[in-house]
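Below are my comments on the model, set out as numbered points. Please read them with the sequence and the structure open.

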Amino acid sequence: MSQIYEIFGRDAHAMTIRLMTEAAVASRIPKGASIALKPNLVVAAKPETGATTHPGVLSGAIEYLQAHGFDRICVMEGSWIGDRTDRTRRVAGYDRICAAYRVPFYDLKQDSTITVQSAVGPMDICRLALEADYLIDLPVLKGHCQTLMTCALKNLKGCLPDREKRHFHTLGLHKPIGALAAALRPRLVIVDSICGDLDFEEGGNPVHTNRMLLGFDPVRIDAYGCSLMGIPVDDVPYIRYAEQWGAGSAAFSPEDIVTLNRPQEAADYPAPTGVVANLTRSVHQDRACSACFASLVRALHLSGGCSSPVYIGQGFRGKAVDGLGIGVCCSCASSCVRGCPPSAQDILKALQERP
C-alpha cells in the first residue's frame, strides 16, 4: 500500500525537500521526463489567507528536481473563473520563484485542450496537463463551501478551461471531479497544510497546522486529509467516485503514515481570526503545538463549539484539570483525547460524547 509522508514545521521550502528526499521521489521519475507542477492559485490571495500554495513548496520541489538532474520542468495553473492567472501568480510570489530557477509558468486559461472520454462523458482538459510525463499536484488542504473539503483531487480542476469548469458545476462537481482524477492521474502529491481555510476555497479564516504531506495516491491523500479535518470520507463523494473509476484507493491505516518529525510548540502562533476566537472561547491554551490546536479548531467547527472547558498545550503536562484534555500533554485531565497530535475526527467524537 502506498505510504503517506508527514512533516511538521514552518519552512515550506525545507519541508518540501525533506519530504521528497525521504520518499526517494527522484528514483520514481523517468530520466528526461517532462515534469509539470500544478499548485493551487485559485484566487489572487497570499498563502497566509489559507487559499493558495505557499511559494516555498514550489521552490523546494523545483530545487530538489533540478539537483537530481531534471531540467524539463514547468509550473502550470488556471485560476478560477473571474480572476486572472497572471494576477494570482504575482500575488502569491510565483513570478520571483520561476525567475530565480528559470522555470516557465504556463497560464492554462491560454492553453489548447484535448477532449477525452471520461466516466461522465466527453471532457475538455488542457493539453499541457495531459501531455506532461510526470504531473505533480501541489494542493492546499482546506475547507470548501460546496464540497466540504478540497485537496489533491479537486485541485486538478485548474487543469480545465473555464468552459469545462462551468460544465462541472452543472454536473454537480463530485462526479466530474472523480472522473477528472481518473483521466489525469497525477503521479505525486505534495500537500500544503501549513494553513488552510476552514470553509472557503478563497481563504479568509486560516487555521495554522504547520504540516505538509506527500503521497503517490491522490485518493488516499484526500481520504487522509478528511481524517485530519474530522470529515467522514463518505461526506465527500468525489473521493469515492475517483476510487471507483480507478484513480486510487481511499484505504489507509496508521502504519501507512510515515511521520518524519513531531510538531513543536508554536512560539509565534498567529493571532486567531474572529471565527476561530469564537470557536475557542472555552479553550484553555498554554503552549499548544499548531497541529494539535488546528485539529481542535476543526473539530469545534464541525461540532458547533463547546461550552465546557477544554485544555490544550504543553503547559498542562502533569496537571490535573477538570475538563476535556487534547493530546498526550493533557493526559491528566478528567477526560482526554490522546495523540500527538490527535486527529480532528477523534476530538470531534469526544466532543459529541460530552454531556
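1. How many bridges join strand S10 to S11, and in which sense do the two strands run? Eight bridges join S10, residues 188–197, to S11, and the two run antiparallel. One register to check by eye is cysteine 195, whose bridge partner in S11 is histidine 208. Please keep in mind throughout that this is a predicted model.

2. The other neighbour to look at beside S11 is strand S1, residues 4–8. Five bridges join S1 to S11, again with the strands running antiparallel. Here tyrosine 5 has leucine 214 of S11 as its bridge partner.

3. Strand S11 itself spans residues 206–215 and is mostly covered, with ten of its ten residues buried. Pro206, His208, Asn210, Met212 and Leu214 point one way from the strand. Val207, Thr209, Arg211, Leu213 and Gly215 point the other way, and these too are buried. In a regular strand the side chains alternate between the two faces of the sheet. The buried set from S11 includes Arg211 and His208, and His208 is also the bridge partner of cysteine 195.

4. The whole sheet comes next. Eight strands form an open sheet in the order S4-S3-S2-S7-S10-S11-S1-S12, and the pairing is mixed. Strand S4 (105–107) and strand S12 (257–259) stand at the edges; each has a single partner strand, so one side of each is left without a neighbour in the sheet. On average, neighbouring strands of this sheet are turned by 25° against each other, direction ignored.

5. Which strands pair with S3, and in what sense? Strand S3 covers residues 73–77 and is joined to S4 by three bridges, the two running parallel. Methionine 76 has tyrosine 106 of S4 as its bridge partner. Strand S2 (residues 35–39) also pairs with S3 in the parallel sense, over three bridges. Alanine 36 has cysteine 74 of S3 as its bridge partner.

6. S3 is mostly covered: five of its five residues are buried. Ile73, Val75 and Glu77 point one way from this strand, whereas Cys74 and Met76 point the other way. Both residues named in the bridges above, Cys74 and Met76, are thus listed among the buried ones.

7. On aromatic contacts, the count comes to three aromatic pairs. In one of them, the rings of tyrosine 241 and tryptophan 245 have their centres 5.3 Å apart and their planes at 15°, so the pair is stacked. Tyrosine 241 is partly exposed, at a relative accessible area of 24%, and tryptophan 245 is partly exposed with a relative accessible area of 24%.

8. Why is the pair of tyrosine 311 and phenylalanine 316 called edge-to-face? Their ring centres lie 5.2 Å apart and the planes stand at 75°, so the pair falls in that class. Tyrosine 311 is buried, with a relative accessible area of 13%. Phenylalanine 316 also counts as buried, at 11% relative accessibility.

9. Two arginines sit over rings. The charged end of arginine 28 sits over the ring of phenylalanine 216, 3.6 Å from the ring centre. Arginine 89 lies over the face of phenylalanine 105, at 5.0 Å from the ring centre.

10. Two helix pairs deserve a look. The axes of helix H1 (residues 12–22) and helix H2 (residues 55–67) come within 7 Å and cross at roughly 45°. That angle makes H1 oblique to H2, and the crossing is right-handed. For helix H9 (residues 218–229) and helix H10 (residues 237–244), the axes come within 10 Å and cross at roughly 155°. H9 is therefore roughly antiparallel to H10, and their crossing is left-handed.

11. Last, a residue outside the regions above. Aspartate 346 lies in helix H13, residues 344–353. At 44% relative accessibility, aspartate 346 counts as partly exposed. Aspartate 346 and alanine 67 are 279 residues apart in sequence and 40 Å apart in space, C-alpha to C-alpha.

Technical notes
Residues are numbered from 1 along each chain as its sequence is written. This is a predicted model: local features need pLDDT of at least 70, side-chain atom pairs count only at pLDDT 80 or more; totals for chains, interfaces and linings use all residues. Side-chain values use heavy atoms; hydrogens and water are left out. Buried means under 20% relative accessible area, exposed over 50%, partly exposed in between (1.4 Å probe, protein chains only). Helices (H or I, at least four residues) and strands (E, at least two) are DSSP runs, numbered from the N terminus. Two strands pair if DSSP finds at least two bridges between them. Rings of Phe, Tyr and Trp (its six-membered ring) pair if their centres lie within 6.5 Å; planes under 30 degrees apart count as stacked, over 60 as edge-to-face and the rest as tilted. A charge sits over a ring if NZ of Lys or CZ of Arg is within 6 Å of the ring centre and within 35 degrees of the ring normal. Axes are lines fitted to C-alpha atoms, for helices over the stretch in contact, and angles run from 0 to 180 degrees between N-to-C directions. Angles under 35 degrees count as roughly parallel, over 145 as roughly antiparallel, 65 to 115 as roughly perpendicular and the rest as oblique. A crossing is left-handed if the near helix is turned anticlockwise from the far one by less than a right angle, and right-handed if clockwise.
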